[in-house]
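Biologist: Please take one part of this model and go through it closely. I would like the strands and their pairing, with the neighbouring elements added where they help.

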Amino acid sequence: MTTNSKLLNAASMLVLAMVVVAPTVAVTSISMVEKAQASVVHSIEVHGNKFVDAQIIRDNIQIVIGRSLASDDIDAAVKRLFALGLFYDIKINQVGNKLIVAVKEYEVVNQVLFQGNKTLKDPDLKRFISLKPNETFSSAKLSADIRVIREAYSTVGRKNVVVTAQTVDLGKGRVNVVFNVVEGQKTKIADITFEGNNTFPTRRLRDVISTRPSGIFSLLMRGDVYNEERLAADEEALRRFYYNRGYADFRIVSSKVVFDEKSNSYKINFILDEGERYKIGDVQVESDIEGINTQFIKEALKTRPGIIYNAAYIEKSVAIINNKVADSGYAFAKVDPRGNRDFTNRTISIVYNIEQGPRVYVQRIEIRGNEKTRDYVIRREIDLNEGDAYNQTLVQRAKRRLENLGFFKAVNISMVPTDDSDQVVLVVDVVEVPTGDLSFSGGYTTGGNTPGMSLEVSVTERNLGGRGQYVRLSLGAGQEKSRNYNLSFVEPHFLGYRLSAGVDIFRSTYRADNAYDVRQTGGSLRFGVSIFEQLSANLGYSYVQEEYDFGKGYDLTNDDVIAELYGKYSGAIVQAAKHSPWKRSSIIYGLTYSSIDDMNNPHDGLYIRAMQEYAGLGGNAQFLKTTGKAMMYKTLSDEMDLVSLLSVGSGYIHPIGRDGVRIFDMFKSDTDMIRGFKYNGIGPRQVSNNGEAYFLGGKAYMNATAELQFPIPVVPESLGFRGAIFADAATLYGHDYKPVLENEMPVTDTGSAWRTSAGVSLMWESPFGPLRVNYAWPITKQKGDQVQKFEFGISTKF
């Protein structure tokens, strides 16, 4: 084939190819133009919406009419609509130039109802669940709420609770949600046992933990409830107990919890390894920070050579070091306590190493879990703000303060890192508890102004409106015409400062000595401030109007009536009633120091209180009354749970003005002063013309008590009973009353003669409050003293 022939054939093939391809290109080009035109949305239609406005849907898909549309745009639009939480099904399709959005709306909850619930009331359950009136309904929320209700019942000892739910269609997209609860029998704790506890008996360890075996008082005490959080807290309490008593190697080998379905009860068994008991050896403070006086810091530490190892003392020592170093201008210093065990001598030497730590600041503070309590109530207990240097000591102090409020079942403060290496987020997680109480109580007491039976109804709210305020209204009645009405309100952070302010209004009526009626009406304004953790100061003003009368329509302005009364009653009492009503206007101030480890069940620590009351700001009373009290608790034997108490007290009232001190302002003896004698049964007295003796009280007193407290054998410790043996001594003396009538008997027994007594006590931490029974034998007494060996009433430790 020639070259020309080849060229001719190539040209022919090229022409043929162009003829075939050209139409295809044309068709493809036309098709692409049509597709590009179809991707432009000319209109948006919304289908399926009943309550949500179509424009809201159009706005949220963020697809603009007249612009081209891609598949990614549709995916993003679907996600945005789901994020609204209003729909459970969404489909977006393009038909030609139309975009069709089809939605299926959630129904709206009209009401949430509960049936069959008795232990947990409706308001409690509503706080737990996520379904709320006027919010969207979803099956996922319903299932989650059923689980939450079951968990809530488990925390109050109802493991076998059965929870079901149903919806009632009300039409128009609204439903009622009904939870049906079958509570079942309460799940009990059959027994709590310990293994490996060679040093401390089971009775003592059961007192350490909060979980209690079920018993006759379980319905009221509510300690026989098992849950994992409480078990973890009990394990930590056991560790703290052993660590604070020298057992630095203590560990919990295991905590076995066995549930018996047949008896619907738990058995809890702690297996312990106590380890050896250590004392503290050498104590040193080291620092690589220039300017830190380690010897000065060492002298202030709680840990000293030779004492029993105590983890709490180490923590307090670290806090002391942190404060002293921070005061020296080193906010970022880090204190690292290191222990070196000497297994031969059973000592632990401690070195507190102070070094410059990383500079970390608080970026922000987040508070979670507080549905009722307002954020600022929690924030004000934290001595840290955004931008401050992070301080672990202040964080631990804030945790203790929040726990002491009594608003929360659990408090956890954690540090969360941020993208900035020197910034952290402080997260405060709280679990709230109910803070309101409606209580009906009854009692019986053998002493005080109003002995005998008594009844009281009270309404208390410790966290009013979530603001942390306290309010209480109580109404009481008892024998001998006794009536009491009290209203109290406390603002714990007055004017934004850590200064408490309280207001009290009261009215009290009772019959004294089965002879005359007393009516007291008044109020007080009080302030309190914490100077540091263990020392507080208080200041208050009190105004009281007191009325005394003998009933029977006696005219106390008639001399014949007065003479008749002198024949029956003490002249001092008649004169006081004659000048009724009395008005007392006074200010009260004082200091209180307390290092007591547990105010409800004290084992160790010192309590000191000094008070003065100045009356004379108007009114009739004019005096300066000074009182003081000191109490020291000391554990004599951890193994036997023996606790000693030494207490001393004194008081003196100094008259201001010429009229002296009224008999109703005098000190009177009671069980806090000395046991074994009647209330107001010792000290100065006056005999009426018919020979009846009336005790008038004294201007001064001194008293002392020595007591040994112990557990009662055989009686289960979960019942809250303890015993005590005691010895008391007291003197009450001094009186300024001068007889008015010629034949009036003088006041006698004004000297400082001492009385002593000894006895036994039964103490009970009852569901109604601490109660105490005393049986005392007077050892030293004076002629005419009124003896009362048996005493029963409410116990006031402090």
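Modeller: What follows starts with a run of paired strands, then moves to the other sheets, the helix pairs and a salt bridge.

The model is predicted. Keep that in mind throughout.

Start at strand β24, residues 605–619. Its partner is strand β25, residues 623–637. The two run antiparallel, and eleven bridges hold the pairing. For a register point, take Ala610: its bridge partner in β25 is Gly628. The link between β24 and β25 is a hairpin of three residues.

Now step across β25. Strand β26 covers residues 642–655. It is joined to β25 by 14 bridges, again in the antiparallel sense. Two pairs fix the register here. Met631 faces Ser647 of β26. Thr635 faces Val643 of β26. The turn between β25 and β26 is also a hairpin, with four residues between the strands. One residue in that turn deserves a look in a backbone check: Asp641 has a positive phi of about 60°.

β26 pairs onward as well. Strand β30, residues 700–711, meets β26 through ten bridges. This pairing is antiparallel too. Val643 turns up again here, standing opposite Gln709 in β30. So what links these strands in general? Strands of a sheet pair through backbone hydrogen bonds, either parallel or antiparallel.

Next, a three-stranded open sheet. Its order is β29-β28-β32, and the pairing is antiparallel. The edges are β29 (693–695) and β32 (747–748). Each edge strand has a single partner, so one side of each is left without a neighbour in the sheet. Strand β28 spans residues 685–687 and pairs with β29 over three bridges, in the antiparallel sense. Among the bridge partners are Gln686 and Tyr694, the latter in β29.

Another open sheet of three strands has the order β4-β6-β5. Its pairing is mixed. β4 (108–115) and β5 (162–171) are the edge strands. Each of these has a single partner strand, so one side of each lacks a neighbour in the sheet. Neighbouring strands of this sheet are turned by 20° against each other on average, direction ignored. The parallel part includes β4 with strand β6, residues 174–182. Seven bridges join β4 and β6. Phe114 has Phe179 of β6 as its bridge partner. A helix covers this sheet: α5, residues 139–155, lies across β4, β5 and β6. It runs at about 30° to β6.

Now the helix pairs. Two packed helices are described by the angle between their axes and the distance between the axes.

Take helix α2 (residues 54–61) and helix α3 (residues 71–83). Their axes come within 8 Å and cross at roughly 130°. That angle makes α2 oblique to α3. The crossing of α2 and α3 is right-handed. On the α2 side, the contact uses Ile57, Asn60 and Ile61. On the α3 side, it uses Ala77, Arg80 and Leu81. By class, the residues of this α2 and α3 contact split into four nonpolar, one polar and one charged.

The other pair is helix α13 (residues 559–568) with helix α14 (residues 571–578). Here too the axes come within 8 Å, and the crossing is roughly 145°. The crossing of α13 and α14 is right-handed. From α13, Ile562, Leu565 and Tyr566 take part in the contact. They meet Gly571, Val574, Gln575 and Lys578 in α14. The residues of the α13 and α14 contact divide into four nonpolar, two polar and one charged.

Last, charge pairs. Side chains of opposite charge can pair when their charged atoms come close. How many salt bridges does a search of the whole structure find? The search finds 33. One salt bridge joins the side chains of Arg239 and Glu236, at 3.5 Å from N to O. Both residues sit in helix α8, residues 228–243. They are three residues apart, about one turn of the helix.

How values were computed
Residues are numbered from 1 along each chain as its sequence is written. This is a predicted model: local features need pLDDT of at least 70, side-chain atom pairs count only at pLDDT 80 or more; totals for chains, interfaces and linings use all residues. Side-chain values use heavy atoms; hydrogens and water are left out. Axes are lines fitted to C-alpha atoms, for helices over the stretch in contact, and angles run from 0 to 180 degrees between N-to-C directions. Angles under 35 degrees count as roughly parallel, over 145 as roughly antiparallel, 65 to 115 as roughly perpendicular and the rest as oblique. A crossing is left-handed if the near helix is turned anticlockwise from the far one by less than a right angle, and right-handed if clockwise. Contact means heavy atoms within 4.5 Å. Ala, Val, Leu, Ile, Met, Phe, Trp, Tyr, Cys and Pro count as nonpolar, Asp, Glu, Lys and Arg as charged, and the others, Gly among them, as polar. Two strands pair if DSSP finds at least two bridges between them. A salt bridge is a side-chain nitrogen of Lys or Arg within 4 Å of a carboxyl oxygen of Asp or Glu.
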